[in-house]
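Got your viewer open? Load the model and get ready to click along.

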Amino acid sequence: MSILVVGSVAYDGIKSPAGSVDRCLGGAATYFSLAASYFTQVRIVAVVGEDFSKQDEDILRSHKVDTRGIEHTKGKSFFWRGEYGENLNEAKTLETQLNVFQSFNPQVPAEYLDSDYLFLANIDPVLQGDVRRQMDGRVKLVGGDTMNYWITDPNHRQNLLETLKGVDVLLINDTEAKLLAGETSVPRAVQKVLRMGPRALVIKHGEYGATVFFKEDEFGGGRHPFRAPALPMDEVRDPTGAGDSFAGGFMGYVASQKKLDRETFKRAMFYGGVMGSFAVERFGTERLQSLTREEIDARYQVFRELTHIG
Ligand code: AMP
């Protein structure tokens, strides 16, 4: 099975109470790909500039991530700079330079057209929609992510609502869900978002875990949502990419399974939590680069023990 992901491949500058880095490999699609690469074959559609180093592309390739869909063009790569205070759940964006993404016209390479799964990582919803259309009728399941900026900016909101019609599983955090629905309570927001297109909605609660909600009669039926806790972490050094890594673990695990039912999604919630917890242990993508499947499965067991009785 293979997953095609479109999203930012970027350089980030990050400051947290544990330290800072001026520039490191980042981007939503990068975190997603590295996390998902431990479960399935990943293919990226993105654009980078002349400053994008061969070493950084090699990091992706060493995880068997197909980078043929990364277009190299004149100009500078996407750059994001953010800061975290004592509340590590919320990033303060200090700078966003879209650079080469501003005029990006994504083309899905012919070699990618047989991808089984699609993930629309955080990027302009117009670009997400573009790739979604190129994969129409070809994929089994479409996952998606977005952020405050696209939800609240009047120039982008309508495009986002259009793109959401083609997303099966949306993964966002509680604040984003409330903003998207224009509601102050999560349960009411969930009902509204599930009417916008997605058949399942994964709401991430930062250090408190995540909940998956289903539209009635979807994925085998049943009414109840499912909640997965987050692993209590001794030290969070850099929360950047936790959401994208959660999505990578979640979608990667789903893609590695035969059945697309609620039980698969429940286990995927744990694998999402596992990959998110690894991502935040070090700055940037460092920890995601050096994992083994054994380490991942050992942490999955810890999660199981955290929630199972007897
Ligand atoms: P997360 O911490 O999971 O929400 O994602 C952090 C990653 O998202 C960073 O590596 C950034 O490069 C990337 N990012 C930040 N803002 C944007 C944006 N407006 N569009 C696309 N990617 C972004």
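This tour starts at the ligand and then moves out to a pair of helices. Keep in mind that you're looking at a predicted model.

**Stop one: the ligand.** Select the ligand and show what surrounds it: 18 residues make up its surroundings, and Ser8, Asp12, Gly27, Gly241 and Asp244 come nearest. Zoom in on Asp12, where a polar side-chain atom sits 2.5 Å from an oxygen atom of the ligand. Now click Gly27: here it's a backbone N or O atom, 2.7 Å from a ligand oxygen atom. Gly241 also brings a backbone N or O atom to 2.7 Å from an oxygen atom of the ligand. Switch on a surface, and you'll see the ligand under cover: of the 510 Å² of accessible area it has on its own, the protein covers 85%.

**Stop two: the shell.** Colour strand E2 (10-16), helix H1 (28-36), strand E6 (78-84) and helix H8 (242-255), the elements that each give two or more residues to the shell around the ligand. Which element gives the most? That's H8, with 3 residues. Colour the shell by class and you get 9 nonpolar, 7 polar and 2 charged residues.

**Stop three: H8 and its partner.** Stay on H8 and add helix H9 (residues 262-279): the two pack at an angle of about 140°, their axes 7 Å apart. The crossing of H8 past H9 is right-handed. For the contact itself, show side chains including Phe246, Phe250 and Tyr253 from H8, which meets H9 through residues including Phe265, Met269 and Tyr271. By class, this contact counts 11 nonpolar, 6 polar and 1 charged residues.

Definitions and conventions: Residues numbered from 1 in each chain as written. Predicted model: local features only at pLDDT ≥ 70, side-chain atom pairs only at ≥ 80, totals over all residues. Heavy atoms only, no water. Near = heavy atom within 4 Å. Polar contact = N/O pair within 3.5 Å; in protein donor to acceptor, adjacent residues only side chain to side chain. Areas by Shrake-Rupley, 256 points an atom, 1.4 Å probe, with all protein chains shown as cover. Helix = DSSP H or I, 4+ residues; strand = E, 2+ residues; numbered from the N terminus. Nonpolar A, V, L, I, M, F, W, Y, C, P; charged D, E, K, R; others polar. Axes fitted to C-alpha atoms, helices over the stretch in contact; angles between N-to-C directions. Left-handed = near helix turned anticlockwise from the far one by under 90°. Contact = heavy atoms within 4.5 Å.
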